[in-house]
Amino acid sequence: MAPPAARLARVSRTVSFSACHRLHSKSLSDEENLKLFGKCNNPNGHGHNYKVIVTVHGEIDPVSGMVINLTDLKEYMQEAIMEPLDHKNLDKDVPYFAEVVSTTENVAVFIWENLKKLLPMGTLYKVKVYETDQNIVVYKGEETVSQK
């Protein structure tokens, strides 16, 4: 009897964090920032209750029956997401955003890069960030769009 074929699966885990930020680009004038970002350019900032869904993928281990131990994934997410971002002013407390506009797109990239350093190589599949119920960003590690 042949050994069973490897089975692939995706596993997701969710966390929520609260943070404030101000959408503001140093490359633009105050007037241009206000026009581009509107009320989100408020000099005093504004806050969100973000929800993040992290998805990993890989082979289901025949012994443990898991793609990843969820306790390990929880710890990785605590270190990569909660510790640097929860109850923070993204622009002032997170060095990454000193030079990068703290849009949800860039928050997703930040989380991806942090998780990639912690997770087993090749297992991170997707980071999905809900800024609100209506505004959602999905990032899968893409760096550039090819030019035509």
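Which residues does glutamate 83 touch, not counting residues up to four places away in sequence? We come back to this in the view of glutamate 83, after a look at the whole chain. Please keep in mind that this is a predicted model.

**View 1. The whole protein chain, with its 4 helices and 5 strands.** Welcome to the overview. Reading along the sequence, you meet the pattern β-α-β-α-β-α-α-β-β. The C-alpha trace spans about 70 × 40 × 25 Å along its principal axes. Of the 148 residues in the protein chain, 36% are buried. Take the contacts between residues at least 6 apart in sequence: 67% of these join residues at least 24 apart.

**View 2. Helix H2, residues 70–85, with a kink centred on glutamine 78.** This helix has 16 residues. From its first C-alpha to its last, H2 reaches 21 Å, close to the 22 Å expected at 1.5 Å a residue. The kink at glutamine 78 comes to about 40°. Look also at the N-terminal end of H2, which is capped by asparagine 69. Here a side-chain oxygen of asparagine 69 lies 2.8 Å from the backbone nitrogen of threonine 71.

**View 3. The buried residues of H2 and what covers them.** Seen from within, H2 has these buried residues: Leu73, Met77, Ala80, Ile81, Met82, Pro84 and Leu85. It helps to recall that an α-helix has 3.6 residues a turn, so residues three or four places apart point the same way. The cover over the buried residues of H2 includes strands E1 (8–21), E2 (46–59) and E3, along with helices H3 (90–93) and H4 (104–118).

**View 4. Glutamate 83 and its contacts.** Here is the reply to the opening question: glutamate 83 touches Gln78 and Lys88, leaving aside residues up to four places away in sequence. Glutamate 83 lies in helix H2. Is glutamate 83 buried, partly exposed or exposed? Its relative accessible area is 47%, so glutamate 83 counts as partly exposed. For a sense of distance, pick out lysine 126, which is 43 residues from glutamate 83 along the chain. The C-alpha atoms of glutamate 83 and lysine 126 are separated by 20 Å.

**View 5. Histidine 87, in the loop between helix H2 and strand E3.** Strand E3 covers residues 88–89, and histidine 87 is found in the loop that leads there from H2. Histidine 87 has a positive phi of about 55°, although it is not a glycine. For background, most residues other than glycine have a negative phi. Histidine 87 has 65% relative accessibility, so it counts as exposed.

**View 6. Asparagine 33, a buried residue in helix H1.** Helix H1 runs over residues 30–37 and holds asparagine 33. Because its relative accessibility is 0%, asparagine 33 counts as buried. Which residues does asparagine 33 touch, not counting those up to four places away in sequence? They are Leu23, His24, Ser25, Leu28, Gly38 and Asn41.

**View 7. Aromatic pairs, of which the structure holds 5.** One of them joins phenylalanine 17 and tyrosine 50 in a stacked pair, 4.8 Å centre to centre and with 15° between the planes. This pair links distant parts of the chain, with phenylalanine 17 in strand E1 and tyrosine 50 in strand E2, 33 residues apart. Both phenylalanine 17 and tyrosine 50 are buried. Tryptophan 112 and tyrosine 139 form an edge-to-face pair, 5.6 Å centre to centre and with 85° between the planes. Here too, distant parts of the chain are linked: tryptophan 112 belongs to helix H4 and tyrosine 139 to strand E5 (residues 136–139), 27 residues apart. Tryptophan 112 counts as buried because its relative accessibility is 7%. Tyrosine 139 counts as buried because its relative accessibility is 11%. You can also find one aromatic cluster formed by Tyr96, Phe97 and Phe110.

**View 8. Charged ends over tyrosine rings, at arginine 10 and lysine 51.** The charged end of arginine 10 sits over the ring of tyrosine 125, at 4.1 Å from the ring centre. Lysine 51 has its charged end over the ring of tyrosine 130, at 4.6 Å from the centre of that ring.

Notes:
Residues are numbered from 1 along each chain as its sequence is written. This is a predicted model: local features need pLDDT of at least 70, side-chain atom pairs count only at pLDDT 80 or more; totals for chains, interfaces and linings use all residues. Side-chain values use heavy atoms; hydrogens and water are left out. Helices (H or I, at least four residues) and strands (E, at least two) are DSSP runs, numbered from the N terminus. Buried means under 20% relative accessible area, exposed over 50%, partly exposed in between (1.4 Å probe, protein chains only). The expected span of a helix is 1.5 Å times one less than its number of residues. The bend at a residue is the angle between axes fitted to the seven residues ending there and the seven starting there. Contact means heavy atoms within 4.5 Å. A polar contact is a pair of N or O atoms within 3.5 Å; within protein, one must be able to donate a hydrogen and the other to accept it, and residues adjacent in sequence count only if both atoms are side-chain atoms. Rings of Phe, Tyr and Trp (its six-membered ring) pair if their centres lie within 6.5 Å; planes under 30 degrees apart count as stacked, over 60 as edge-to-face and the rest as tilted. A charge sits over a ring if NZ of Lys or CZ of Arg is within 6 Å of the ring centre and within 35 degrees of the ring normal.
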